[in-house]
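Trainee: I would like to take a close look at a single part of this model. Please go through it with care and keep the cut-offs explicit.

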Amino acid sequence: MSFNHFDASGNAIMVDVSEKVPTLRTAIAGAVLSLKPETVQAIVSGRVAKGDVLGVARIAGIAGAKKTPELIPLSHPLALHHVSIEFEVDEQQGTIAVLATVRAFERTGVEMEAMAAAMVAALTVYDMCKGSDKGIVISDVKLHYKEGGKSGVFKREA
């Protein structure tokens, strides 16, 4: 297996994408938070002391996508055209699934931006609820879908 983030001498490099043709790139990534059911109920009913948890997490996730090149050293700064954060809440199970979708017309993929968006949104929920629920777990961080570019479509099987 070869990795393209290293030159012939083994030094880390940013991959040169200048010769690639821009195409529409889309990536969808997610994360799952496990909380006490009463914490999820407090989030849904707006009873968390720090405010609108999912609203703040949505904005944080969008900001996270935009800040990806500052967090991941070899990622390219991209002009993102769309970032959305959705939440699937299960009050009975005490889970919140975060789904981040990112699109850009670029020379390289937006998978890292989608992953960063999902994680920052999940971490924001954690931060806003950690005072009342110390056992929160963030798990199942993964790429669900990507399209565009030379490698084509990837869709994770359920």
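Leaving aside its neighbours within four places in sequence, which residues is M128 in contact with?

Mentor: This is a predicted model, in which local features need pLDDT of at least 70 and side-chain atom pairs count only at pLDDT 80 or more, while totals for chains, interfaces and linings use all residues. Residues are numbered from 1 along each chain as its sequence is written, and side-chain values use heavy atoms, with hydrogens and water left out.

Apart from its neighbours within four places in sequence, M128 is in contact with V48, K50, G51, D52, V53 and V56, where contact means heavy atoms within 4.5 Å. M128 belongs to helix α4; helices (H or I, at least four residues) and strands (E, at least two) are DSSP runs, numbered from the N terminus. With a relative accessibility of 9%, M128 counts as buried, a class that means under 20% relative accessible area, whereas exposed means over 50% and partly exposed lies in between (1.4 Å probe, protein chains only). M128 and I43 are 85 residues apart in sequence, yet their C-alpha atoms are 9.7 Å apart in space.

Two further residues of the helix add to this picture. D127, which lies in α4 (residues 111-129), counts as partly exposed because its relative accessibility is 36%. The UniProt annotation "active site", from an unreviewed entry, covers D127; UniProt positions are given in the numbering used here, feature names are shortened, and such annotations may be inferred rather than shown by experiment. T124, also found in helix α4, counts as buried because its relative accessibility is 13%, and outside its neighbours within four places in sequence T124 is in contact with V56, A57 and A60.

The helix also has a part in the largest nonpolar core, which holds 33 residues, and of these L33, L35, I43, V53, I96, V98 and V125 touch the most other members. The elements that give two or more residues to this core are β1 (23-34), α1 (37-45), α2 (53-66), β2 (82-90), β3 (95-106) and α4, and the largest share, eight residues, comes from α4. A nonpolar core is here a set of buried Ala, Val, Leu, Ile, Met, Phe, Trp, Tyr and Cys residues joined through side-chain atoms within 4.5 Å. Among the core residues named above, L35 is in contact with V40, I43, Q93, G94, I96, V125, D133 and I136, leaving aside its neighbours within four places in sequence.
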